[in-house]
Amino acid sequence: MSSLLQSLLDPKKSWLASLHMKTLTSRLSKYGLRYDDLYDPYYDLDIKEALNRLPREVVDARNQRLKRAIDLSMKHEYLPEDLQKMQTPFRSYLQDMLALVKKENAEREALGALPLYQRTIP
């Protein structure tokens with residue numbers, strides 16, 4: 001079952017996944033965002049921890065992209081076409097660190113240690 005699901009989600013194998021990725025690329029490029037910018041640190045504390053571990057300039061660039069996107073959205077505008085073509089919406093900066101944080105939390109849980117943070121999301 002999982003191999004079937006993976007083949008449906010792979011843009012190289014499924015035309016629907018390919019269409020979804022193309023649409024998402026277009027929408028993110030209009031605002032100059034990357035896919036990793038959509039992760040909310042208030043929703044998942046692992047994301048917050050991963051962002052804390054990233055270099056300051058990477059986090060600053062993320063915040064700058066988010067501010068620009070909010071500004072463009074409020075003005076009902078998009079980035080100019082030449083800047084949209086320069087965007088790289090699926091170039092990841094957060095996934096490796098997030099995977100490391102999740103791995104550390106799983107290891108901590110397997111060893112029976114207390115969680116790193118004890119907060120529930122309302």
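This passage describes the salt bridges of a predicted model and the places of the residues that form them.

The structure is a predicted model, in which local features need pLDDT of at least 70 and side-chain atom pairs count only at pLDDT 80 or more, whereas totals for chains, interfaces and linings use all residues. Residues are numbered from 1 along each chain as its sequence is written, and side-chain values use heavy atoms, with hydrogens and water left out.

Side chains of opposite charge can pair when their charged atoms come close. Seven salt bridges are present in the structure, a salt bridge being a side-chain nitrogen of Lys or Arg within 4 Å of a carboxyl oxygen of Asp or Glu. One of these joins Asp 37 to Arg 65, with 2.8 Å between the closest N and O atoms. Because Asp 37 lies in the loop between helix H2 (15-31) and helix H3 (45-53), while Arg 65 belongs to helix H4 (residues 56-75), the pair ties together parts that are 28 residues apart in sequence. Helices here are DSSP runs of H or I with at least four residues, numbered from the N terminus. Asp 37 is buried, its relative accessible area being 3%, and Arg 65 also counts as buried, at 11% relative accessibility; in these terms, buried means under 20% relative accessible area, exposed means over 50%, and partly exposed lies in between, as computed with a 1.4 Å probe on protein chains only.

Salt bridges also occur within single helices. In helix H3, Arg 53 and Glu 49 are four residues apart, which is about one turn of the helix, and their side chains meet in a salt bridge with an N to O distance of 3.0 Å. Arg 53 is partly exposed, with a relative accessible area of 30%. In helix H4, Arg 56 and Asp 60 form a salt bridge at 3.4 Å, N to O, and, being four residues apart, they are separated by about one helical turn. Of this pair, Arg 56 is exposed, with a relative accessible area of 53%, whereas Asp 60 is partly exposed, at 38%. Elsewhere, Asp 44, Asp 46 and Lys 102 are joined into one network by salt bridges that share partners.

A further residue, Leu 9, has its place in helix H1 (residues 2-9) and is exposed, with a relative accessible area of 60%. Leu 9 is separated from Leu 51 by 42 residues in sequence and by 27 Å in space, taken from C-alpha to C-alpha.

Definitions and conventions. Helix = DSSP H or I, 4+ residues; strand = E, 2+ residues; numbered from the N terminus.
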